[in-house]
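With the model open in your viewer, please set side chains to a stick representation and follow the selections below in order.

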Amino acid sequence: MGKHLLIVGAGHAHLTVLKNLKEFTNSGHDVTVVSTSSLHYYSGMGPGMLSGIYRPDEIRFNVKKLSEDRGAAFVEDKVVKVMPDERKLELQSGNQISYDAISLNTGSFVPVADSMVTDETVFTVKPIENLLKARKKIVEILKTQELTATVVGGGPTGVEVAGNLDRLVKNESGKCRITLVAGTRLLPQFKASVRRRALDSLGGRNVEVMEGVRLAAVKDGALELSDGAILESDIIFMAIGVKPSPLFEDSGLPTGRDGGMLVNQYLQCVSHPEIFGGGDCISFEPQPLAKVGVYAVRQNPILLHNLLSTLNGHELQPFVPQKSILLALNLGDGTAIVHWHAMVWAGRLGFALKDYIDRKFMRLFQVSGELG
């Protein structure tokens, strides 16, 4: 007798599962995909969408079509609670869905105060759709005045957003004063050579990088910094890192220190073996994993195999994280910084490599009707 599989979220870690849903339905199982939107944007190309390097339809997947074309039901809703003992989900709409097995890939969010979220000048870098909204607002402002913009966060996303914001302004023949509030220092977790290249690139385009200061508060388009300085800003990008949804703690599931669902080497919840997860929303018990898309992409085939095996009674496969990951930062000017093992280089060849990898990834999972 067939079983019911629930797929929650359409992030990087679920794309191979979604593409191969017929393997489940052909085995007699029912599949329901639950997502907050029928379209999912690829975060690795988000800053490039901000600058105009990529069109919105080039960086998104039509999750609804991908699911329904392969025999699954699609539900556009948000999961607000998992009831593991009852094997049910509660949705924001008030509906409930039962399952035999479930995989969660609910992503992450930028933890900012509610007052910042409601400030019309503030845009968090996740969800990626926010970058599209910010682009439209920036283009409108530049038609009549010079722009003042601030990027808060000195990590890879902050660097990419600042560089691509500069490109957008130049493409619109506008003027903008861009400040990047980096915290302790820019790219603190990377080699000095990576930091130097990022500082040289941004500084050479009149992006002011402020190190040694943090954001204290935002009010009415003004940023108060930890040293007491005040920055007026028309647009504020919040790139201060991400954390998993509180869904797992609220549901009483085991979590890691970051609040992500605690999973074992098979990407199973450590307390409920019929629950799986991947991407930014999990905490990997064997070792800490950075919140980068590379790990989520590598979890794709493991989740596909283990979900099929759970439903069909076969042996599971462990997820073994790669020791080294390729970092490629799109600087917005046709160049990128690439960090691979001990090698660091920057230039147009670096961007060509990143662009090739990203476009190849998109081709694997995009289906006709992306514009939905």
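Select K126 to begin, keeping in mind that this is a predicted model; the residue counts as partly exposed, with a relative accessibility of 23%. Add D280 to the selection, and you have a salt bridge whose closest N and O atoms are 3.2 Å apart. Unlike K126, which is partly exposed, D280 has a relative accessibility of 12% and counts as buried, because the cut-off for buried is under 20%.

Now show the backbone on either side of this pair. K126 sits in the loop between β11 (122-124) and α6 (129-142), while D280 sits in the loop between β21 (275-277) and β22 (282-284), so that their contact ties together parts lying 154 residues apart in sequence.

Move next to R55, which is partly exposed at a relative accessible area of 47%. Which residues should be selected with R55 to see its salt bridges? One is D57, with the closest N and O atoms 3.2 Å apart, and another is E58, where the corresponding separation is 3.7 Å. The two acidic partners fall into separate classes of accessibility, since D57 at 23% counts as partly exposed, whereas E58 at 18% counts as buried.

Finally, extend the selection from R55, D57 and E58 to D355 and R359, because salt bridges that share partners, each pairing a side-chain nitrogen of Lys or Arg with a carboxyl oxygen of Asp or Glu within 4 Å, join these residues into one network. If you wish to continue the tour on your own, the structure holds 15 salt bridges, among them the K126 and D280 pair with which you started.

Definitions and conventions. Residues are numbered from 1 along each chain as its sequence is written. This is a predicted model: local features need pLDDT of at least 70, side-chain atom pairs count only at pLDDT 80 or more; totals for chains, interfaces and linings use all residues. Side-chain values use heavy atoms; hydrogens and water are left out. Buried means under 20% relative accessible area, exposed over 50%, partly exposed in between (1.4 Å probe, protein chains only). Helices (H or I, at least four residues) and strands (E, at least two) are DSSP runs, numbered from the N terminus.
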